[in-house]
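Got your viewer open and a free hand on the mouse? Load the model, set it to cartoon, and come along for a short walk.

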Amino acid sequence: MSTTDRALTAELLADAARRAQRYLGSLETRSVAPSAEAVRALAGFEEPLPDAPSDPRETLRMLDEVGSPATTAMAGPRFFGFVIGGALPVTVATNWLTTAWDQNTGLWAPTPATAALEEVALRWLLELFDLPRDSGGAFVTGANVANLTALAAARRAVLARAGWDVEGDGLFGAPPITVIVGAEVHPTVTKSLGILGLGRKRVIVVPVDGQGRMRVEALPRIEGPTIVCAQAGNVNTGAFDPLADLADAARSSGAWLHVDGAFGLWARTAPSRRSFAEGIERADSWATDAHKWLNVPYDSGLALVRDVHALRASMAITAEYLPTEGGRRNPADHTPELSRRARGVDVWAALRTLGRSGVADLIERTCAHARRFAEGLAQAGYAILNDVVLNQVLVSFGDAARTQRVIAAIQEDGTCWCGSTVWQGKTAMRISVCSWATTTEDVDRSLAAMLRAASG
């Protein structure tokens with residue numbers, strides 16, 4: 001790299017930092033949703049493919065001036081539309097630094113720094129969640145791939161017990177696998193089942209109660225290779241399946257119990273919420289997201305598997321050109337990807353900065369904010385449809401049409417952003433509180449905007 005190239009690189013990075021700081025500083029005052037004018041301005045990106053190189057400073061300027069105004073303020077304190085958090089400042093910084101490192105973190109030998117940091121992060125996570133310390137883990141893109149990875153290990157294990165090598169021989173002629181899910185299973189689980197050849201329609205669906213929890217008394221008799229998929233944190237209500245009872249049923253029948261804990265697994269870290277996840281440590285695999293309640297940048301999912309051999313057997317690859325280091329953990333032996341960014345470093349940074357008590361405070365605080373929303377809306381006469389046990393609130397403003405009108409008015413107002421859902425036949429607005437940046441003042445300001453919209 002020439003002196004000129006080094007100078008330009010330094011200028012670009014400094015300019016990007018200034019622009020990013022200005023963007024983040026605007027989140028307190030700007031509308032959460034982008035304006036219609038900003039969205040229309042995206043047409044500015046619709047230009048022909050350039051024939052020749054151009055000034056990279058101009059590219060960055062265009063990205064910021066056209067792109068930034070058209071973003072939704074998901075990184076801010078008043079975005080409640082999905083179960084996602086904003087990124088902690090330290091994780092934004094580490095994300096930038098690891099991007100500059102540009103480490104393809106698939107193998108220990110060429111990328112020891114990032115591979116070692118992921119090992120530490122995995123150990124800390126198992127301690128934080130109080131899961132079996134010898135479990136294996138994979139840092140992946142999100143809960144969809146985390147469920148896919150864990151269920152691939154499950155498929156491997158239950159068929160191996162039946163004498164079948166699914167990685168070597170495939171599913172043609174394999175013993176059938178029974179898959180049991182709750183009626184409110186998340187679509188990422190059913191999508192994963194389809195990808196793995198287990199079928200989205202072949203599942204046995206267990207009915208749920210009024211909060212979306214699987215009714216354990218309705219479980220079918222379990223025989224042969226079986227995977228039971230439970231849920232920790234219903235995406236609408238925050239409710240938990242009866243994990244201890246499901247663990248009993250799985251253990252007694254030799255079934256594999258997988259828990260989709262995309263955000264609910266984090267309840268294990270908070271003293272007042274830990275009881276909801278009682279028995280989760282007895283499962284065989286778990287899926288969660290760090291870009292939800294841990295508030296690290298996208299993308300950051302995590303698959304944890306008790307049987308490390310099953311995880312490695314379902315994911316590992318070998319080739320003559322791939323360097324290995326004896327006795328060290330190769331990340332690619334545990335994930336679907338070989339080429340991948342070092343997303344576990346952001347998790348390490350968040351855990352090192354927050355510590356055990358900081359993570360617990362984050363969970364407790366956001367759950368308290370959800371309760372404040374629910375109390376304020378209920379006092380105003382609106383129906384709260386769920387037991388507010390975590391960070392999720394479902395509110396109805398009347399019939400479906402009126403509820404949708406209120407949601408649209410709230411989004412147009414721009415003070416905060418909430419989305420709609422249909423839960424057990426009822427249209428509702430869903431409030432998901434996940435961001436480290438949300439304060440009581442943000443809740444009260446958002447609540448006032450909701451009440452204005454509902455009374456209009």
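Below are the stops, each with something to select and a note on what is there.

**Before we start**

This is a predicted model, so local features need pLDDT of at least 70 and side-chain atom pairs count only at pLDDT 80 or more, while totals for chains, interfaces and linings use all residues. Residues are numbered from 1 along each chain as its sequence is written, and side-chain values use heavy atoms, with hydrogens and water left out.

**Stop one: helix H6**

Select residues 143–161, which make up helix H6. Helices (H or I, at least four residues) and strands (E, at least two) are DSSP runs, numbered from the N terminus. The end C-alpha atoms of H6 are 27 Å apart, which agrees with the 27 Å expected for 19 residues at 1.5 Å a residue; the expected span is 1.5 Å times one less than the number of residues. Now show the surroundings: 16 of the 19 residues of H6 are buried, so the helix is largely enclosed by the rest of the structure. Here buried means under 20% relative accessible area, exposed over 50%, and partly exposed in between (1.4 Å probe, protein chains only). Just past H6, click on glycine 163, which has a positive phi of about 85°.

**Stop two: the salt bridges**

Side chains of opposite charge can pair when their charged atoms come close. A salt bridge here is a side-chain nitrogen of Lys or Arg within 4 Å of a carboxyl oxygen of Asp or Glu, and the whole structure has 29 of them.

Select arginine 57 and glutamate 11, whose closest N and O atoms are 3.2 Å apart in a salt bridge. Arginine 57 sits in helix H3 (residues 56–67) and glutamate 11 in helix H1 (residues 3–26), so you are looking at a link between distant parts of the chain, 46 residues apart.

Next, pick aspartate 64 and arginine 22, another salt bridge at 3.2 Å, N to O. Aspartate 64 is in H3 and arginine 22 in H1, so this pair ties together parts 42 residues apart in sequence. Is each partner buried or exposed? Aspartate 64 is buried, at 13% relative accessible area, whereas arginine 22 is exposed, at 51%. Add Asp15, Arg18 and Arg19 to the selection, and you have a salt-bridge network that also takes in Arg22 and Asp64.

For a pair within one helix, go to arginine 365 and aspartate 361, with closest N and O atoms 3.1 Å apart. Both lie in helix H11 (residues 344–379), 4 residues apart, about one turn of the helix.

**Stop three: the sheet**

Color the strands E8, E9, E11 and E10: in that order, they form an open antiparallel sheet. Two strands pair if DSSP finds at least two bridges between them. E8 (383–384) and E10 (419–423) stand at the edges with a single partner strand each, so one side of each has no neighbour in the sheet. E8 is joined to E9 (residues 392–396) by 2 bridges, and alanine 383 is opposite serine 396.

**Last stop: the cysteines**

How many disulfides are there? The count is 0, where a disulfide is a pair of cysteine sulfur atoms within 2.5 Å. For cysteine 367, the nearest cysteine sulfur is that of cysteine 434, 9.0 Å away. For cysteine 418, the nearest is that of cysteine 416, 4.5 Å away. Cysteine 367 is buried at 1% relative accessible area, and cysteine 418 is buried at 0%.
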